[in-house]
Amino acid sequence: MKITKSYKSFGGTSQFCEHESSATASTMKFSLFVPPGPIKGCLFWLSGLTCTEENFMSKAGAQRYLAEAQILLVCPDTSPRGLGLPGVQDAWDFGEGAGFYVDAETAGFNKHYRMYSYILDDLLPLVKSQYPSIEDRIGIFGHSMGGHGALVLGLRNPKLFRSVSAFAPIANPLLSAWGQKAFRGYLGPESKLWNAYDATDLLASGYKHPSPLLIDQGTEDQFLKDQQLLPENLLAAAQKSGQKIEFHLREGYDHSYYFIASFVADHIAFHAKRLALQS
């Protein structure tokens, strides 16, 4: 792990790092917020389409609340980069900056676009080796494409991720244009492989998390109106399965980081409570 930049922030440090990943067979970047004092837990943040490891760190205003709760933050990049694969820079919603947190199966992508395994098998063990006190106190959250990733990783690994939340997640990618494009490109023709990366379908198939899921969604989110997010499908599946969800429809808010920054303190408090850091 190589720290490339470091900034003092609320008594802790915001760091930007890179390392060699076996899952993606490439150099991957990520950022950390290391709080002051003893580290009592860890949150993984998964960003959305077009984002890098810097967006949340520079725009969400989370460091103040992370420092108060003494929570380590980990923000991976959203895809491998600079590999020269065909088509990865042709569109903003596929390829670089749009890894969708899946393990690709299609030719070319299957050697590098393995973001699901990257989070679980590369980045998480690396962070644990540096900060062993977080061992059983890890949560995950994200936004849009990253909200999709957080829900999928949390539902499929409930013993690993003690708490799960999302801002405006792509909740049913099987039925959204974004999801269908990404899944076809990374996973091939529609098959059972797609279902493993859809939170709504996972709930319908019997996956559950022992803790409630927290989801915030803005009413003026253009992608909600365009049927890209489909939270109503996730809520219906949760009701049938018995999965508890704390769902907040935020009047007047859109899909931007202005929305995220408005409620990030609520999400950190939600995770801190479930990581047994606060009463």
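1. Cys51 is buried in this predicted model, with a relative accessibility of 8%. The cysteine sulfur closest to that of Cys51 belongs to Cys75, at 10 Å, which is too far for a bond.

2. Cys42 is likewise buried, and its relative accessible area is 0%. For Cys42, too, the closest cysteine sulfur is in Cys75. The distance here is 9.7 Å, again too far for a bond.

3. How many disulfides does the structure hold? The count is zero. A disulfide would need two cysteine sulfur atoms within 2.5 Å, so the 9.7 Å from Cys42 to Cys75 does not qualify, and neither does the 10 Å from Cys51 to Cys75.

4. Helix 9 covers residues 231-241, and its buried residues are Pro231, Leu234, Ala237 and Ala238. Seen down the helix axis, these buried residues fall within an arc of 125°, so they line one face of helix 9. The spacing fits a general rule: an α-helix has 3.6 residues a turn, so residues three or four places apart point the same way.

5. What does the buried side of helix 9 pack against? Its buried residues are in contact with three helices and two strands: helix 4 (145-156), helix 7 (199-204) and helix 8 (222-225), together with strand 8 (213-218) and strand 9 (245-250).

6. On the face of helix 9 turned away from the buried side are Gln239 and Lys240, both exposed.

7. Gly242 comes just after helix 9 and takes a positive phi, of about 90°.

Conventions:
Residues are numbered from 1 along each chain as its sequence is written. This is a predicted model: local features need pLDDT of at least 70, side-chain atom pairs count only at pLDDT 80 or more; totals for chains, interfaces and linings use all residues. Side-chain values use heavy atoms; hydrogens and water are left out. Buried means under 20% relative accessible area, exposed over 50%, partly exposed in between (1.4 Å probe, protein chains only). Helices (H or I, at least four residues) and strands (E, at least two) are DSSP runs, numbered from the N terminus. The arc is that of the directions from the helix axis to the C-beta atoms. Contact means heavy atoms within 4.5 Å.
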